[in-house]
Amino acid sequence: SFGEGASMRATINDAFIEVINSSNRAPELLSLFIDDNLKNGFKRQAEQEVDHLLERSVLMFRFLKNKDAFEHYYKVHLARRLLFGRSESDDAEQSLVSKLKVECGSQFTLKLEGMFKDMQLSRDMAREYRGLSEFADLGFDLNVSVLTPTFWPAMAPAPPQSQATASAPTASSAHGNRNDSSDLSLILLPDAQLGKAVEAFSSYYLKHHSGRRLTWQYAMGNADIKVHFGSRTHELNASTYQMLILLLFAAADGEAPAKALTMSEIQKQTHIPDESLARQLQSLACAKYKILNKTPKSRDVSPSDIFTFNTEFKAPQYRIRVPVVSARSSVESEKEKAASQAAIGQERMYLIEATIVRIMKTRKQMVHDALVNETIDQLASRFLPTSKMIKDGIGKLLDREYLQRSPDDTRLYSYVA
């Protein structure tokens, strides 16, 4: 209609950028769209259709101004797909990362590729330790994913002192000056076999990797457990926290199982953080599958509510996945969004400071305005920093003596080697 006019094409392009970035949730929504398709959308699609959808997703990504915000959300969603085995296609996952690498360079996808590498190393390690005698007599199958903290999004904070994890726990590994397993987060395990399994894996890992430290992330684990409900038996796919709660109602070490427990008593016996515990109990007692009975009957959970095991539970399926209420696979709440924005802001300050140092290391001396413009140019492919953000970064580097002002001109900076 416009004779393939270059100016018209550029105007449409600019307008499209404006429309997409008018919503500050655009990076999150694009990541959620990709997440939904990688989990559920490719079941009946041909390889060409899958590749076309990924290409269109990357095209949308190209129009985003805040590409670092997309990276933040994509890492969170990818972590959940990898750790919980929810991805429909490993090839599609790798293909998308390759397309992002072509679009933004290897630095952008470094952490994403590190996440895939951690999962592969964990699978190789699992094959090795399953053949050892100390794991042969555990009585259940243990699979641990060992994650490098710098690659993965921040996990849920661990409570004060602990001892174990679940049938499919997650551990993050870091270099440190300690070579012991006393750093097993503070969740308490109702079952001695679980504690034994955690200790055994920690000893095995630290023997092969001296100078490292393991921090157990119970919030990121899951378990397959067989549960007897009277004459019926079901296999439940539950989170680690759900498993620990259910074990309180099971007979262990010759002791009688608990008949009834309040939320406060469950928290005292497991040390599961209050906010997480409330969601786990809602999932077990108030959602579709009522594994536990709750008194009084209501959707909300309070510390005085009483929980009992539902021996009358029935379901048509033998294998049941118990979903966690309010799982973060949907759009963030305002509180969660504020936390994400704070994390993104912190990461941006690191990038700004690193960029300024890199520029000054090359140029040795620069005036303020030239340094600001150069920093904006180098970071434009990830996000658009404001002059104030760059000024704050320069101020911090001056305080830490990476830079110094010229005594003759306060707007001239010199690099301090």
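## Close-up views of a predicted model

**View 1. Helix 4 and helix 5 run side by side in this predicted model****.** The axes of helix 4 (residues 67-83) and helix 5 (residues 90-104) come within 13 Å and cross at roughly 165°. Angles over 145 degrees count as roughly antiparallel. The two helices are therefore roughly antiparallel to each other. Helix 4 passes helix 5 in a left-handed crossing.

**View 2. Side by side, helix 4 and helix 5 make contact through these residues****.** Helix 4 contributes Lys 67, Phe 70, Tyr 74, Leu 78 and Arg 81. From helix 5 come Glu 93, Leu 96, Leu 100 and Cys 104. By class, six residues of this contact are nonpolar and three are charged. None is polar.

**View 3. Strand 8 pairs with strand 6 and with strand 7****.** Strand 6 covers residues 261-262, and strand 8 covers residues 306-309. Their pairing is antiparallel and has two bridges. Leu 261 has Phe 307 of strand 8 as its bridge partner. Strand 7 (residues 292-295) also pairs with strand 8 in the antiparallel sense, here over four bridges. In that pairing, Asn 293 stands opposite Thr 308 of strand 8.

**View 4. Strands 10, 12 and 11 form an open antiparallel sheet****.** The strand order is 10-12-11. Strand 10 (365-367) and strand 11 (403-405) are the edge strands. Each of these two pairs on one side only. From one strand to the next, the twist averages 30°.

**View 5. Strand 10 meets strand 12 in the antiparallel sense****.** Strand 12 spans residues 412-415. Three bridges link strand 12 to strand 10. Val 367 stands opposite Leu 412 in strand 12.

**View 6. Helix 13 and helix 14 pack on the sheet****.** Helix 13 (residues 368-379) touches strand 10 and strand 12. The direction of helix 13 makes about 95° with that of strand 10. Helix 14 (residues 387-399) touches strand 11 and strand 12. For helix 14, the direction makes about 95° with that of strand 11. Strand 12 is thus touched by helix 13 and by helix 14.

Terms used:
Residues numbered from 1 in each chain as written. Predicted model: local features only at pLDDT ≥ 70, side-chain atom pairs only at ≥ 80, totals over all residues. Heavy atoms only, no water. Pairing = 2+ DSSP bridges. Axes fitted to C-alpha atoms, helices over the stretch in contact; angles between N-to-C directions. Parallel < 35°, antiparallel > 145°, perpendicular 65-115°, else oblique. Left-handed = near helix turned anticlockwise from the far one by under 90°. Contact = heavy atoms within 4.5 Å. Nonpolar A, V, L, I, M, F, W, Y, C, P; charged D, E, K, R; others polar.
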